[in-house]
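Work through the two exercises below with the structure open beside you, and try each task before you read its solution.

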Amino acid sequence: MEPTRPLTNTIDTMLLEERRYEPDPEFARQANAQPDIYERDWEEFWETEGRERVTWFEPFAKLYEWEPPYAKWYLGGKLNVCFNCVDRHVEAGNGDKVAYYWEGEPEDERRTITFADLQRDVVRFANALKGLGVKKGTAVGIYMSMVPELPVAMLACARLGAPHTVVFGGFSAEALSDRLNDMECELLITQDEGWRAGKKVPLKRNADVAVAQSPTVRKVVVHRRTGGEVAFDEARDAWWDALTKGKSDDPASAPCEPMDAEDLLYLLYTSGTTAKPKGIVHTTAGYLVGVATTHNYIFDVKPDSVYWCAADVGWVTGHSYIVYGPLANATTGVIFEGVPNYPNAERWWEIIERYKIDILYTAPTAIRSHMKWGPEHAARHDLSSLRLLGSVGEPINPEAWIWYREHIGGNRTPVVDTWWQTETGMIMITPLPGVTTTKPGSATKPFPGVAAAVFSESGEQVAPGGGGYLVLDRPWPAMLRGIYKDDKRFRDTYWSKYEDVYFAGDGARIDEDGDYWLLGRVDDVMNISGHRISTIEVESALVDHQKVAEAAVCGRADERTGQAIVAYVTLKGDEEGSIEMLEELRDHVAKKIGPIAKPANIVFTPELPKTRSGKIMRRLLRDVAENRALGDTTTLADPTVVEEIKERATADASED
Ligand code: PRX
């Protein structure tokens, strides 16, 4: 069992939010979800959605099988995810419909990609992959930025039945090679460089370092994005454009592989409470039904919607709600390569105005950044096309929720705060627009067909008004099918705190109306800008530095990023902490994990507070980081250590 910490602090400090937003009757009338959706029997719900939302090569024979902790869904069914996301829309006469508007970071770079274009690109690339020996079951790594070729690569893999793992383009070479090695990828798809706030991100250079440590990778496909000079290994590397040149774009030349409902679609690695990321397993049918169904009802997508999920495809939000869910529903989406404040803070609002976007889905950290930059940037643009706003990734504070609705949603749009995880694959707790009365800061109710509860430490269901641990007590179609090659960790992490019940690792409160209020992680996982990073991963990266003897890491509340990383570091021998050392360590963490994991503060200390048995007392470090009165210090081996750390913490603070 991974450790959990008591929830009392968060629950006690939980703000009681009284504001309510009833659905607008006009929205309600036209909404995809009607109130009776909550009355549907959960098995009937998933059975019907499964039959109607997805096109099967062979129908499924059985809805699900549950042998805790492993579930199977839509047993006996045969289908292909790429066929469902692309080919069937072209066959239905929607080839001219726009699949993606792509907005490059340089402002004059834009592309409009129809479903027919997408099919041609995917088929050509699938043929290229076939030429490199990729077939059903070949593991493929993808390390790219937000370019259209990223979904093309994912879909081409899905078409051939080759499972992929997408590694976020902000991760380091080491993080990449860890994942390539764990999945035993044979091929890596990457690009020369990416754009980020006017600077070039050296993706190919990182990929070269990673592949040098990933013996299973035999081929590297390189998409040319910036045209910058990159090293090129003639024997191993191949340019995307050269490979696809002259390849057939006839769908029959690279047919969609009929996949079993439970065949592996992808792995996505996520942080847990140890340094080694977990390869979360997602399979074919249940995942597709889950993401397509939730996308339809929660975002109220219409045939003429222009939908923008402003996440990165490298995270689960992008997998489920930029690529697979929206494409399965034949939705027109927007992909943006850049960041919200480059070249200035108006970029997002220009994009919304340009494409007349009606649905925007983003993270609280982005909303808080926009709050900081001020509402005047949005006010200069016509955002009247917006009908719906969504939030994901971390608890949204009521003030940010209200700001989002007022300044972006014109005080008119519903806001859906959606709770879910890499592991759940699909949104699990969320309002349904037009149906649910929303409360700023609450994710409200489990999605239809989903069961959740709040449990006490001892496993009793907490009654309305109480707080405890969020659990999911029934299987759902898009649920993880395990941790890749690690059954024990799967059981220990999610299924051992309570028997046969999924333990999400989040604290939650349930109010008198049965609405859920998410309270953040209860384990040693931090949530930085909506991304999970484990304290131990960062500690390992720090200790990896030759001058570091010991390190302890924790999160502290941060206005903009939700949490920020604080590291306490003991240096070896006579080494002294200095500003240079601090920068060196921050860079070292960026190199080992990625810039997102750089500590915001590093406190150099001659010693860490430990119990007599030698365990680092993280609780005290959290208290120091958050400037709280210290809890019980009686079990400390040397009580003077924390006082010293407290003094240093106030002296050495450094902000990003
Ligand atoms: O702590 C919860 C938080 O993000 C965690 C899942 O992180 P990840 O797997 O990276 O997926 C993020 C995108 C789905 C959860 O355990 N979280 C996510 N959404 C919310 C949230 N916390 C509160 N409210 C949310 N809406």
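The exercises that follow concern a predicted model, and they treat a pair of helices and then a ligand.

**Exercise 1.** Determine how helix α10 and helix α11 are oriented towards each other, and describe the contact of α10 with α11.

*Solution.* Begin by locating the two elements: α10 covers residues 285-298 and α11 covers residues 316-328. Their axes lie 8 Å apart and form an angle of about 85°. Since angles from 65 to 115 degrees count as roughly perpendicular, the two helices α10 and α11 are therefore roughly perpendicular to each other. Next, look for the residues that meet: on the side of α10 they include Tyr 287, Leu 288 and Val 291, while on the side of α11 they include His 319, Tyr 321 and Tyr 324. Sorted by class, this contact of α10 with α11 holds 8 nonpolar and 5 polar residues, and no charged residues.

**Exercise 2.** Describe the surroundings of the ligand, from the residues around it to its polar partners and its buried area.

*Solution.* Start with the shell, in which 17 residues surround the ligand, and Asp 417, Thr 418, Thr 422, Asp 506 and Arg 532 come nearest. By class, the shell consists of 6 nonpolar, 6 polar and 5 charged residues. Then examine the polar atoms: a nitrogen atom of the ligand is 3.1 Å from a polar backbone atom of Gly 393, and a nitrogen atom of the ligand is 3.3 Å from a polar backbone atom of Glu 394. In the case of Gln 421, a polar side-chain atom lies 2.9 Å from an oxygen atom of the ligand. Finally, consider the area, where the ligand taken alone exposes 540 Å², of which the protein buries 97%. Among the elements, α11, β20 (415-418) and β24 (516-521) each give two or more residues to the shell.

How values were computed: Residues are numbered from 1 along each chain as its sequence is written. This is a predicted model: local features need pLDDT of at least 70, side-chain atom pairs count only at pLDDT 80 or more; totals for chains, interfaces and linings use all residues. Side-chain values use heavy atoms; hydrogens and water are left out. Axes are lines fitted to C-alpha atoms, for helices over the stretch in contact, and angles run from 0 to 180 degrees between N-to-C directions. Helices (H or I, at least four residues) and strands (E, at least two) are DSSP runs, numbered from the N terminus. Angles under 35 degrees count as roughly parallel, over 145 as roughly antiparallel, 65 to 115 as roughly perpendicular and the rest as oblique. Contact means heavy atoms within 4.5 Å. Ala, Val, Leu, Ile, Met, Phe, Trp, Tyr, Cys and Pro count as nonpolar, Asp, Glu, Lys and Arg as charged, and the others, Gly among them, as polar. A residue is near a molecule or strand if one of its heavy atoms lies within 4 Å of it. A polar contact is a pair of N or O atoms within 3.5 Å; within protein, one must be able to donate a hydrogen and the other to accept it, and residues adjacent in sequence count only if both atoms are side-chain atoms. Accessible areas come from the Shrake-Rupley method with a 1.4 Å probe; for residues, only the protein chains shown count as cover.
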